[in-house]
Amino acid sequence: MFGIKRRIQALTLRLLPPAFLWIAASGCSINRYALNKASDAIATGGSTFASDDDPELIKAAAPFSLKLMESLLAENPQHAGLLTAVASGFTQYSFAFVQEDADELEAQDLKAADVLRNRARRLYLRAQGYGLLGLEVIHPGFTNRLAADPQAAVRVATKADVPLLYWTAAAWASAISLSKDNPIMVSQLPAMEALITRAVELDENYDHGALQTFMITFEM
């Protein structure tokens, strides 16, 4: 019985079309291709939120979008475009809907405002972490070099890296601004400044003057 079964299997394999066998053997490659295409689509879809004129709709939809991107990242952690989008998304969400709420609440309830600011800081740090991971994916060893010598580390960055440099620095600076009583956070200013300075050197007109706006706020 066992010999008959083996012969049937061998005959079946000979009769199957070569294309079918190739598809079956390359299932992992197809899954990876599909995952990369999905990651590309999600990573480039952030402009939809930025162009929407209904802030409350964006406020309600953004957490789902961010968690969807994080779920994709869990399966595709080396996707630089997705890492950029997540860094950007968490930074913008924290600024527009968490820190802003804290500022508005402060006059009525200082304790509740502090709770929101702590949440905003955590979200900024999450964004900063994703940004640094994106730079690490593109330039292996970048994170360690940045900690040791920020000015030298950022020299490897190219114009294509400007979005990552900008959003990583924006998230980092925002977290530091909410941690002025934390010496460890304040001591990270040189690394953050190196990122944004390099971004300005590479593309000072990025995103319709976003870098200049950042630098004015930072200097103040």
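What span should the 26 residues of helix α6 have at 1.5 Å a residue, and how far apart are its end C-alpha atoms? I began my notebook with that one. For residues 80-105 the expected span is 38 Å, and the end C-alpha atoms sit 36 Å apart, which agrees. I then looked for a bend and found one of about 35° at Ser94 in α6.

**Entry: confidence**

I am working with a predicted model, so I pulled the pLDDT next. The chain averages 85, and 82% of its residues reach 70 or more. Residues 4-17 stay under 50, and the model gives that stretch two contacts beyond four places in sequence. I noted residues 19-25 as well: pLDDT is below 50 there, with three contacts beyond near neighbours in sequence. I'll keep my reading away from both stretches.

**Entry: overall layout**

I counted 13 helices and zero strands in the protein chain. Of its 220 residues, 36% count as buried. I also checked contacts with a separation of 6 or more: residues 24 or more positions apart account for 65% of them.

**Entry: the core**

Which residues have the most contacts inside the largest nonpolar core? I get Leu146, Tyr166, Trp172, Leu195 and Phe214, in a core of 53 residues. I listed the helices that supply at least two residues each: α3 (27-43), α5 (55-75), α6, α7 (110-138), α8 (142-148), α10 (162-177), α12 (189-202) and α13 (210-219). The largest share, twelve residues, comes from α10.

That sent me to α10 itself. Is it enclosed or open? I find 14 of its 16 residues buried, so α10 is largely enclosed by the rest of the structure. I ran the length check here too: α10 reaches 22 Å from its first C-alpha to its last, close to the 22 Å expected at 1.5 Å a residue.

I picked Phe214 from the core list and looked up its partners. Leaving aside neighbours within four places in sequence, Phe214 is in contact with Tyr166, Ala169, Ala170, Ala173, Met192 and Ile196.

**Entry: two residues in α6**

Back to α6, where I looked at Phe90 and Thr91. Phe90 has 4% relative accessibility and counts as buried. Its contacts, beyond four places in sequence, are Leu66, Glu70, Leu123, Arg126, Ala127 and Tyr130. I took the C-alpha distance to Leu66 and got 7.2 Å, for a pair 24 residues apart in sequence.

Thr91 caught my eye as a hydroxyl side chain, so is it buried or exposed? Buried, because its relative accessible area is 5%, and the cut-off is under 20%. Thr91 touches Tyr124, Ala127, Trp167, Ala170 and Ala171, again without counting residues up to four places away. Ala127 turns up in the list for Phe90 and in the one for Thr91.

**Entry: ring pairs**

How many aromatic pairs does a search of the whole structure find? I get six. I opened Phe90 and Tyr130 and asked why the pair counts as stacked. The centres are 6.3 Å apart and the planes are at 20°, so it is stacked, the limit being under 30 degrees. The pair links distant parts of the chain, with Phe90 in helix α6 and Tyr130 in helix α7, 40 residues apart. Tyr130 is buried too, at a relative accessible area of 17%.

Tyr93 and Phe97 make a tilted pair, 5.6 Å centre to centre with 55° between the planes. They are four residues apart in helix α6, which means about one helical turn separates them. I checked burial for this pair: Tyr93 is buried, and so is Phe97.

I also found a cluster, in which ring pairs link Tyr166, Trp167, Tyr206, Phe214 and Phe218. Tyr166 and Phe214 were already on my list of residues with the most contacts in the core.

**Entry: a short helix**

Last lookup was Ala153, in helix α9 (residues 150-153). At 2% relative accessibility it counts as buried. Ala153 touches Phe142, Arg145 and Leu146, not counting residues up to four places away in sequence. Leu146 is another name from the core list. I also took the C-alpha distance from Ala153 to Ala191: 9.3 Å, with their positions 38 residues apart along the chain.

Note on methods:
Residues numbered from 1 in each chain as written. Predicted model: local features only at pLDDT ≥ 70, side-chain atom pairs only at ≥ 80, totals over all residues. Heavy atoms only, no water. Expected span 1.5 Å × (residues − 1). Bend = angle between axes of the 7 residues up to and from the residue. Buried < 20%, exposed > 50% of the residue type's maximum accessible area, 1.4 Å probe, protein only. Contact = heavy atoms within 4.5 Å. Core = buried A, V, L, I, M, F, W, Y, C linked by side-chain atoms within 4.5 Å. pLDDT = per-residue confidence, 0-100. Phe/Tyr/Trp six-rings, centres within 6.5 Å; stacked < 30°, edge-to-face > 60°.
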